[in-house]
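Subject: The structure I promised you

Hi,

Here is the structure we talked about, ready for you to open and turn around. Have a look at it first, and then read on for what turned up.

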Amino acid sequence: MRRRPRVAFVLSGGGNQGVSQVGMLRALLEREILPDVVIGTSAGALNGAAIAARPDLAGVDHLREVWTAIESSAVFPQGRLAQVWNIIQRDSHLFSSDGLADIITRARRAERFEDLALPLRVIATDLDSGEEVVFARGPLQPALLASAALPGIFPPVEHDERRLIDGGVVNNVPLWHALSGPVDRVYVCNVSGELASRATRSPLDVVMRAFTISRNQRFRLELRHAPPSVEVVDLPRPADGREVSDFSGSDALIDEAYRLASRALDDHDDRRRRRFFRRRVA
């Protein structure tokens with residue numbers, strides 16, 4: 001009896017662009033493509049935790065409710081005067097992470113990694129050593145908050161005897177972690193590639209653009225060196241020209257991401273069937 005392929009979902013960081021992963025996940029789960037492991041960075045870690053807790057369409061619906069309810073003022077709550085004062089006082093960040101923590105609390109459906117229905121890997125960065133840190137057990141909240149703590153924007157998270165910041169600093173599309181495990185197929189939900197085309201209107205835009213330059217290079221390198229035995233399916237993403245702090249238009253982006261991913265998955269299945277038929281005939 002032929003075994004089911006071992007599947008990994010890889011969810012990139014990307015700030016507000018993470019909303020498009022909700023549509024991608026719906027397209028995957030509607031086709032009964034279920035992961036054996038979920039790996040995420042930053043916004044992708046938040047989405048991944050919700051799906052690892054409930055890997056079904058109800059889990060996707062919950063994520064949609066969370067994303068469509070986000071307001072910019074909840075994530076970036078302070079006015080410009082407060083930001084300047086933070087800099088003058090030499091704080092390590094511009095914004096409090098209270099709003100971000102509240103969103104993570106509403107999105108996740110478990111307290112600990114061990115409570116999840118599926119294995120989850122969350123990527124963060126050690127601010128002092130520069131090391132990539134992978135969380136797979138223990139409390140979810142601090143790991144997810146650390147993974148999304150944009151350096152200089154949100155304060156570092158002290159957890160597991162480390163000072164931690166956004167995982168996108170070292171590994172925004174954590175493909176390598178999927179390729180290093182026992183896996184046959186990887187579905188990549190990478191929503192961060194278009195950031196470099198955005199106008200840089202604020203310091204936050206500059207930070208995100210700098211991330212894009214380095215992280216796209218690593219992803220392309222890892223994709224190029226993926227073993228032939230592992231099939232990597234990189235799902236398309238919708239165009240998203242919003243500023244980093246803009247959380248409007250979530251419904252439209254989710255629906256467009258769903259449409260693009262559905263078409264890509266159907267085309268991919270058609271190509272796979274044609275290859276199988278040709279091998280049978282030969």
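Let's begin with the chain as a whole. Among its contacts (heavy atoms within 4.5 Å) between residues at least 6 apart in sequence, 75% join residues at least 24 apart. Of the 282 residues, 51% count as buried, where buried means under 20% relative accessible area, exposed means over 50%, and partly exposed is in between (1.4 Å probe, protein chains only). The chain has 10 helices and 8 strands; these are DSSP runs numbered from the N terminus, with at least four residues of H or I for a helix and at least two of E for a strand.

Some ground rules before the details. This is a predicted model, in which local features need pLDDT of at least 70 and side-chain atom pairs count only at pLDDT 80 or more, while totals for chains, interfaces and linings use all residues. Residues are numbered from 1 along each chain as its sequence is written, and side-chain values use heavy atoms, with hydrogens and water left out.

**Two helices that cross**

Two packed helices are described by the angle between their axes and the distance between the axes. Try this on α1 (residues 20–30) and α2 (residues 43–53): their axes come within 11 Å and cross at roughly 35 degrees. Axes here are lines fitted to C-alpha atoms, for helices over the stretch in contact, and angles run from 0 to 180 degrees between N-to-C directions. The crossing of α1 and α2 is right-handed, meaning that the near helix is turned clockwise from the far one by less than a right angle (anticlockwise would be left-handed).

Which residues in α1 and α2 meet? From α1 come Q21, L25 and L29, and from α2 come A43, G44, N47 and I51. By class, this contact has 4 nonpolar, 3 polar and no charged residues. For those classes, Ala, Val, Leu, Ile, Met, Phe, Trp, Tyr, Cys and Pro count as nonpolar, Asp, Glu, Lys and Arg as charged, and the others, Gly among them, as polar.

Just before α2, in the loop that follows β2 (37–41), sits S42. It has a positive phi of about 55 degrees although it is not a glycine, and at 8% relative accessibility S42 counts as buried. D160, in the loop between β5 and β6, is also not a glycine and has a positive phi, near 55 degrees.

**Aromatic pairs**

How many aromatic pairs does a search of the whole structure find? It finds 2. Rings of Phe, Tyr and Trp (its six-membered ring) pair if their centres lie within 6.5 Å; planes under 30 degrees apart count as stacked, over 60 as edge-to-face and the rest as tilted.

The rings of F9 and Y187 have centres 6.2 Å apart and planes at 90 degrees, so this pair is edge-to-face. It links distant parts of the chain, with F9 in strand β1 (residues 7–11) and Y187 in strand β7 (residues 185–189), 178 residues apart. Both F9 and Y187 are buried.

The rings of F76 and F154 have centres 5.8 Å apart and planes at 15 degrees, so this pair is stacked. F76 is in the loop between α4 (72–75) and α5 (80–88) and F154 in the loop between α7 (140–147) and β5 (157–159), so the pair ties together parts 78 residues apart in sequence. F76 and F154 are buried too.

**Around α6 and α7**

In α6 (residues 98–107), the buried residues are G99, L100, A101, I103, I104 and A107. What covers them includes α2, α3 (57–68), α4 and α7. D98, also in α6, counts as exposed at 59% relative accessibility.

Helix α7 is mostly covered, with 7 of its 8 residues buried. One of them is Q141, with a relative accessible area of 17%. Leaving aside neighbours within four places in sequence, Q141 is in contact with A101, I104, T105 and R108. A polar contact of 2.6 Å joins the side chains of Q141 and R108, where a polar contact is a pair of N or O atoms within 3.5 Å; within protein, one must be able to donate a hydrogen and the other to accept it, and residues adjacent in sequence count only if both atoms are side-chain atoms. A polar atom of the Q141 side chain also lies 3.1 Å from the backbone oxygen of A101.

Happy exploring!
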